[in-house]
Amino acid sequence: MLQNLPRVISDGPLSPAVSMLLKGQVELLPWEQLFGNKDETISGIYTFGHPLLDGKLMDNVPNIKVISNHGVGVDHISLMDAKARGIPVGNTPGVLDGATADMGFCLLMAAARRLVEGDRIARFGTDQSIKPRTGAFLGREIHGASLGIIGLGRIGLQVARRAAAFDMQICYFNRKRRTDIEASIGVSYKPLHELLATCDYVMLCVPLTDETTRLIGADELRLMRPTATLINIARGAVVDTDALTLALTENWIYAAGLDVTDPEPLPKGHPLLKLDNVVIAPHIGSATVQTRQKMAELSVQNLLAGLAGAELPSRII
Ligand code: NAP
């Protein structure tokens, strides 16, 4: 045991930014430590890469004062179990909205304009296939098209701002209407099924909860236009992967852009990986140098505050 340093369990490997900030502040112990015998010397848990954390594991470290998550989405942590045990949980909302919305737009544009498919042809195609031909590589227009945002929260709002600059008509679906900002942002509310049936682009920005798990399944995909593109920057399980694979294979919809998948990562040889009309990123929505630095700072501030028994700068429960 390092003298006087609070003992914290974390999944790794941690990013250099997080490691640097934790250096000399805590004694880090590996995630496997949670699965051993009860350990009363552990003061905190730091989650970096979405490891599952439930009450059973929390009970193995009965003296923890805080759980700090590197990221805003906390679907991998049982908040109910943490609350029942009086453990504060911190996350990093706000600092990653712009970067994640940028990624949503990257995926929207790449899928609509067949950018990745085109890149593959430019690199590996034959002279014949590279030559621009009438009718080849036609994508779908982005400017002036309609976008439906499912989950107009912090990230959804940033997506709307970007869409407005592309002269898109923007609508959204939330459980609660945002009449306070509809006019100033230039968005209109639509019930879910109406949004799905009328939009050229549908972007998912909701948290993963019981209610949003497989929110988009076969019925919802069948409602979408054959010319529509689905973008998921939320969590993979918000979409039914088998239904999406079928929808893209049978062209119920035009394309998809996914930063997140279920399972994640997709196993090698998965049918989605064989389709040209889907662009897939390996969950890198917030992965910019600047944003990851801010996430590291806020999550470490949350951890250190909790360890000191102080209020967390960003506490979810
Ligand atoms: P937020 O500010 O809480 O916004 C979430 C929005 O979703 C709210 O507007 C909420 O409105 C809506 N919502 C929640 N449940 C809903 C439901 N059942 N049906 C319809 N709308 C619902 O959260 P955020 O900071 O924007 O983050 C959203 C999620 O993005 C995170 O939880 C995380 O999973 C994901 N994320 C992904 C990445 C990435 O790397 N791809 C990065 C950051 C975050 P109502 O409460 O009115 O329904």
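In this predicted model, Asp200 is placed in the loop that runs between helix H9 (192–198) and strand S9, the strand that spans residues 201–204. The side chain of Asp200 reaches the side chain of Arg225 in a polar contact of 2.9 Å. When neighbours within four places in sequence are left aside, the residues in contact with Asp200 are Ala145, Ser146, Arg225, Thr227, Ala228 and Thr229. Arg225 therefore appears both in the list of contacts of Asp200 and as its partner in the polar contact, in which a pair of N or O atoms lies within 3.5 Å.

The largest nonpolar core comprises 35 residues, and of these Leu147, Ile149, Val159, Met168 and Tyr201 touch the most other members. Two or more residues of this core are given by each of helix H4 (97–112), strand S6 (146–150), helix H7 (154–165), strand S7 (169–173), helix H8 (179–185) and strand S9 (201–204). Helix H4 provides the largest share, which amounts to eight residues. The surroundings of Val159 can be described in detail: not counting residues up to four places away in sequence, Val159 touches Ala101, Phe105, Leu147, Ile149, Met203, Cys205 and Ile233. Two of these partners, Leu147 and Ile149, are themselves among the core residues that touch the most other members. Apart from this core lies another one, made up of 31 residues, among them Leu195, Cys199, Leu221 and Ala234.

At the level of the whole chain, the protein is divided into domain 1, which consists of residues 7–94 together with 290–307, and domain 2, which covers residues 97–280. The centres of domain 1 and domain 2, taken over C-alpha atoms, are separated by 32 Å. Where the domains meet, seven residues of domain 1 are in contact with five residues of domain 2, and the area buried between the two domains is about 540 Å², of which 46% is on carbon and sulfur atoms. Between domain 1 and domain 2 there is one salt bridge, and there are two residue pairs in polar contact, counted where both residues have a pLDDT of 80 or more. A salt bridge is formed by Arg235 with Asp75, and the closest N and O atoms of this pair are 3.0 Å apart.

Several features of the backbone also deserve description. A cis peptide bond, with omega of about 5°, joins Asp262 and Pro263, and Pro263 is placed in the loop between strand S11 (255–258) and strand S12 (278–280). Another cis peptide bond, with omega of about -5°, joins Glu264 and Pro265, and Pro265 likewise lies in the loop between S11 and S12.

Positive values of phi are found at His50 and at Asp167. His50 has a phi of about 60° although it is not a glycine, and this residue is placed in the loop between strand S3 (42–47) and helix H2 (55–58). His50 counts as partly exposed, because its relative accessibility is 33% and that class lies between the cut-offs of 20% and 50%. For Asp167, also a residue other than glycine, phi is positive and near 55°. Asp167 lies in the loop between H7 and S7, and it is classed as exposed because its relative accessible area of 57% is over 50%.

Conventions. Residues are numbered from 1 along each chain as its sequence is written. This is a predicted model: local features need pLDDT of at least 70, side-chain atom pairs count only at pLDDT 80 or more; totals for chains, interfaces and linings use all residues. Side-chain values use heavy atoms; hydrogens and water are left out. A nonpolar core is a set of buried Ala, Val, Leu, Ile, Met, Phe, Trp, Tyr and Cys residues joined through side-chain atoms within 4.5 Å. Buried means under 20% relative accessible area, exposed over 50%, partly exposed in between (1.4 Å probe, protein chains only). Helices (H or I, at least four residues) and strands (E, at least two) are DSSP runs, numbered from the N terminus. Contact means heavy atoms within 4.5 Å. A polar contact is a pair of N or O atoms within 3.5 Å; within protein, one must be able to donate a hydrogen and the other to accept it, and residues adjacent in sequence count only if both atoms are side-chain atoms. Domain bounds come from an automatic or database domain assignment. Buried area is the accessible area (1.4 Å probe) that two parts lose on being put together, summed over both. A salt bridge is a side-chain nitrogen of Lys or Arg within 4 Å of a carboxyl oxygen of Asp or Glu.
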